[in-house]
Every structure is written in C-alpha cells, then in structure tokens.
Amino acid sequence: MSERVEASSLRSSQITFGTGERRRKVKIITQNFNGPCSFIAICNILILRGDIQIQPYERTSVSYEFLSQLVGEFLLLSCSDPGIDISAALSVMPTTTKGLDLNPQFTAVDSFRPGEGGGELQLFSKAGIRLLHGWVVDPGSPAASVLSRVSDYDSAVTLIADADHITKGKLLRSDAFDDPNAPGPSRSDTQRSAAESSSVVEGASSQSSVEPGNDSHLEPRSPREAYSEQDRQKIESALVAQEFLNSTQSQLTYYGLFQLIAAVEPGSLVALFRNSHLSVLHKPEGEDSALYTLVTDHVFLHEPSVVWERLEDIDGGWSTFVDCDFVKSSPVGGDFAGQTAEAAVRAYEVAAGVGDPRDHELARRLQAEEDARARQLYLQRERQRAERQRSQTIDDGESRKTRKAKDKCIIM
C-alpha cells in the first residue's frame with residue numbers, strides 16, 4: 001500500500017461472533033480501496049478476541065490514529081514482563097499505513113524470513129497473533145529440493161533476476177502465456193521454454209579463450225561455451241523457481257491448504273498471508289473443520305449476511321460466502337452482491353450468454369498479458385537492484401583496498 005489512510009476512511013461493521021456464552025456482537029473494521037490490510041487484520045483479530053474494543057459502540061467510522069493508539073496501548077499493557085523489549089514491535093507501527101514487509105518461506109506454513117530489524121514479525125509475536133501462509137511446496141514434488149535451498153520469496157526473485165542477468169534477458173523472455181485461464185505456462189509455451197532453457201543451460205563449464213584486442217572472442221561461440229558450471233546451476237534453479245512462482249500466482253498451493261487445515265486449531269483466529277494481502281483466518285469449533293476468512297471489503301458493508309468466506313480451493317473459484325453462523329449467505333444483492341454496476345452487468349451477460357463470447361475471451365487474454373508484463377517489469381527492477389548491489393560491493397572492496405594501501409605508507 002502506497003497511500004496514507006485518511007482519518008475517516010476506515011468504516012466499522014457489526015457482526016456476531018463466538019459460541020455459547022461467549023457469543024456477542026462486535027464491530028469489525030472494513031477495508032476500502034486504500035486501506036492497510038495488514039493493520040486491519042491485526043485489529044480485527046484483537047477485536048474478535050476481545051482484546052480491544054471500538055468505543056463508543058455506535059460510531060460508524062474510525063481513524064488510523066485511533067486504532068494505532070488502541071493497539072499500542074494493548075501491546076504495552078499486555079507485556080507484563082519488564083525484561084521483554086517491545087520497541088521493535090512498536091517501531092514498525094508507523095509503517096503499517098502502507099502494509100508490512102512479509103517474506104514467506106516455501107517450506108512451512110508458519111515460516112517467514114525476518115526482515116531488517118525483524119519488527120514486522122515481532123509485532124505479531126507481541127500481539128499473540130499467529131502468522132501463517134499456504135505458499136508451501138509439496139516436499140514430494142521435483143521442485144522441492146531447489147525451493148528448499150532458495151527458501152523464501154525474496155530470495156527466489158533475486159535468484160531469477162541474477163539468472164536473467166547472466167542469460168542477458170533470455171530467462172524472462174521465455175516466460176509467456178497463451179491461455180489466460182491457465183495457472184501456469186501452456187503446453188506450447190512449456191515446450192518452447194524447455195527448448196530455450198536447454199539452449200541456455202546446456203553445456204560444459206569450459207569457456208572460450210579470450211585474446212587481448214580481439215572483441216570477437218568476447219561473445220560465446222555457442223551455448224555450450226557460454227556459462228560456467230556455477231552459472232548453469234544457478235540458471236537451472238532459477239527456472240524451477242520461476243515455474244513455481246508462475247504456477248502459484250495466488251500464493252497458495254493445495255499442499256499448503258491441507259497444511260493450514262491441520263495447523264489451525266478449532267476456535268482460533270490467525271493471520272493469513274495470501275495474494276500479498278493479510279486476512280483473518282478462522283476455524284469454527286464443532287464438526288466443521290473448514291477454514292474461513294473474514295470478509296472485510298467495504299462493498300459488503302450493507303450485506304449483513306456476508307461475514308465469512310469459505311476457503312475451499314487455491315484460486316477462489318469454489319469459495320462460498322456464509323453468515324455469522326457459517327450458513328450459506330443470501331445477500332440482498334443476490335449473485336452480484338459487492339460488485340460494481342459495470343462488473344454486475346458484465347457478470348450477468350456472461351451468465352445469460354449475452355454478448356459475443358470472443359469479446360470476453362479477448363478481455364481475459366488482455367488482462368493475462370497485462371499481468372505477465374507487470375510481473376516481468378518487477379523482475380527486471382529486481383535484476384537492476386541486484387546489479388546495483390553488486391556494483392556497490394565491488395566499489396566498497398576497492399575503497400577498502402585503497403585505504404589499506406594508504407595505511408601502509410609512511411611519510412618521512
């Protein structure tokens with residue numbers, strides 16, 4: 001999130017939560033188009049647990065400053081041990097207006113790589129909120145060995161950027177999609193990518209000899225002579241990481257979903273990282289072992305029967321809205337509840353078979369191409385950042401050598 005939250009932009013909505021004697025009406029925070037989803041999820045978990053309350057109860061909107069004060073006071077009061085330093089957790093509070101820097105690791109649902117200072121993870125720890133994700137690789141898959149070494153998302157992006165730099169942009173150019181509905185590369189693209197990949201990574205580690213003054217020898221004469229063994233291994237690992245990221249763009253795998261179901265205790269509330277977004281994840285007590293995410297989109301503000309969304313698959317295609325009793329909801333807006341007028345008309349036309357299907361197919365393809373371009377631009381920016389870091393490292397090394405040389409000089 002890049003925009004600061006306006007003082008009156010966070011709306012509150014009333015729901016019923018809990019079972020038996022603990023069942024009560026509470027006011028949760030809904031998210032608008034620029035709301036800080038990470039901070040909203042933290043606040044809603046604390047509200048549902050009864051740790052903080054929105055007072056007076058009748059108020060319909062709250063400011064970020066009001067909520068941050070509530071959370072800050074809770075962190076200070078809940079930390080009874082004077083030996084525990086909560087400065088790291090409090091120091092990250094101002095950054096929650098733009099989101100939190102969370103880096104999930106692909107090996108376990110509760111593994112995140114700490115950022116600089118570790119304040120983000122400390123914030124969840126001090127608040128007693130468990131942070132989970134479902135972006136986990138199946139340990140029985142061929143990609144597991146590579147992704148266990150790569151470990152986390154930021155490292156995977158850096159690896160891909162480095163490999164693309166080594167291949168002079170060939171790695172990113174081989175990433176194309178024909179079918180916008182497919183979660184990953186199409187068959188033809190996979191074959192083409194495999195052919196290009198073999199030309200990129202195939203070959204021995206020997207390099208062509210370079211003669212001074214002869215620029216023609218600076219370019220490799222064949223792919224077999226292009227890369228060292230270390231570079232070849234890096235490119236192969238980058239191809240595996242890139243395929244995994246492309247095929248899991250929802251940042252959730254079925255293996256990860258099954259692990260989440262096993263990890264979340266009945267009746268508990270946890271924070272779920274998915275689609276670069278943070279939401280409240282809950283498993284009800286009783287026989288229902290399904291997972292539900294709290295619906296906080298402000299478009300459902302006037303749909304009291306839409307409270308939770310059942311997490312049933314990795315791309316949301318089979319998700320179901322339910323009410324506070326986890327019964328399938330019947331929104332006032334019907335099948336088009338929460339949609340804009342334009343989106344509702346488009347959905348109705350598709351459902352009714354109105355309009356040219358080729359137009360809908362073209363729109364989906366254009367959207368998929370736009371998503372692919374955005375992803376390529378992001379990876380290119382990461383590659384440029386990696387190059388700057390390498391250059392800075394080289395410059396720092398040269399500066400240290402110069403200083404050491406000067407230290408050895410004695411002026412008589």
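## Nonpolar cores

The largest nonpolar core holds 47 residues, and L48, F124 and W308 have the most contacts inside it. A nonpolar core here is a set of buried Ala, Val, Leu, Ile, Met, Phe, Trp, Tyr and Cys residues joined through side-chain atoms within 4.5 Å. Two or more residues come from each of β1 (10-17), β2 (24-29), α1 (37-49), α2 (64-78), α4, β5, β6 (277-282) and β7. The most comes from α1, with nine residues. Another core lies apart from this one. It has 23 residues, among them A144, I160, Y227 and I235.

This is a predicted model: local features need pLDDT of at least 70, side-chain atom pairs count only at pLDDT 80 or more, and totals for chains, interfaces and linings use all residues. Residues are numbered from 1 along each chain as its sequence is written, and side-chain values use heavy atoms, with hydrogens and water left out.

## Chain overview

The protein chain has twelve helices and nine strands. Both are DSSP runs numbered from the N terminus: helices are H or I with at least four residues, strands are E with at least two. Of the 412 residues in the protein chain, 40% are buried. Buried means under 20% relative accessible area, exposed means over 50%, and partly exposed lies in between (1.4 Å probe, protein chains only).

Contacts (heavy atoms within 4.5 Å) often span the sequence. Among those between residues at least 6 apart, 59% join residues at least 24 apart.

## The three-strand sheet

One open sheet has three strands in the order β2-β1-β3, with antiparallel pairing. Strands pair if DSSP finds at least two bridges between them. β2 and β3 (61-62) are the edge strands; each has a single partner, so one side of each is left without a neighbour in the sheet. Two bridges join β1 and β3 in the antiparallel sense. R11 has S61 in β3 as its bridge partner.

Helix α1 packs on this sheet and touches β1 and β2. Its direction makes about 170 degrees with that of β2. Axes are lines fitted to C-alpha atoms, for helices over the stretch in contact, and angles run from 0 to 180 degrees between N-to-C directions.

## The six-strand sheet

A second open sheet has six strands, ordered β4-β5-β6-β7-β8-β9, with mixed pairing. Its edges are β4 and β9 (320-322); each has a single partner strand, so one side of each lacks a neighbour in the sheet. Neighbouring strands are turned by 40 degrees against each other on average, direction ignored.

At the β4 edge, β4 and β5 (residues 269-274) pair in the parallel sense over three bridges. L132 stands opposite L272 in β5.

## Surroundings of V137

V137 sits in the loop between β4 (131-133) and α5 (144-150). V137 is buried, with a relative accessible area of 9%. Leaving aside neighbours within four places in sequence, V137 contacts F106, A143, A144, L147, F244 and Y255. The C-alpha atoms of V137 and T253 are separated by 7.2 Å, although these residues are 116 apart along the chain.

## Aromatic pairs

The whole structure contains nine aromatic pairs. Rings of Phe, Tyr and Trp (its six-membered ring) pair if their centres lie within 6.5 Å; planes under 30 degrees apart count as stacked, over 60 as edge-to-face and the rest as tilted. The rings of F106 and F244 have centres 5.2 Å apart and planes at 70 degrees, so this pair is edge-to-face. F106 lies in the loop between α3 (87-91) and α4 (119-127), F244 in helix α9 (residues 229-247), and the two are 138 residues apart. F106 is buried at 0% relative accessibility. F244 is buried at 8%.

Y292 and F326 form a tilted pair, 4.9 Å centre to centre with 55 degrees between the planes. Y292 lies in β7 (residues 291-294) and F326 in the loop between β9 and α11 (341-352), so the pair ties together parts 34 residues apart in sequence. Y292 is buried at 1% relative accessibility, whereas F326 is partly exposed at 22%. Ring pairs link F17, Y292, W308 and F326 into a cluster.

## Charges over rings

K27 lies over the face of Y57, at 4.8 Å from the ring centre. R59 lies over the face of F66, at 4.4 Å from the ring centre. A charge sits over a ring if NZ of Lys or CZ of Arg is within 6 Å of the ring centre and within 35 degrees of the ring normal.
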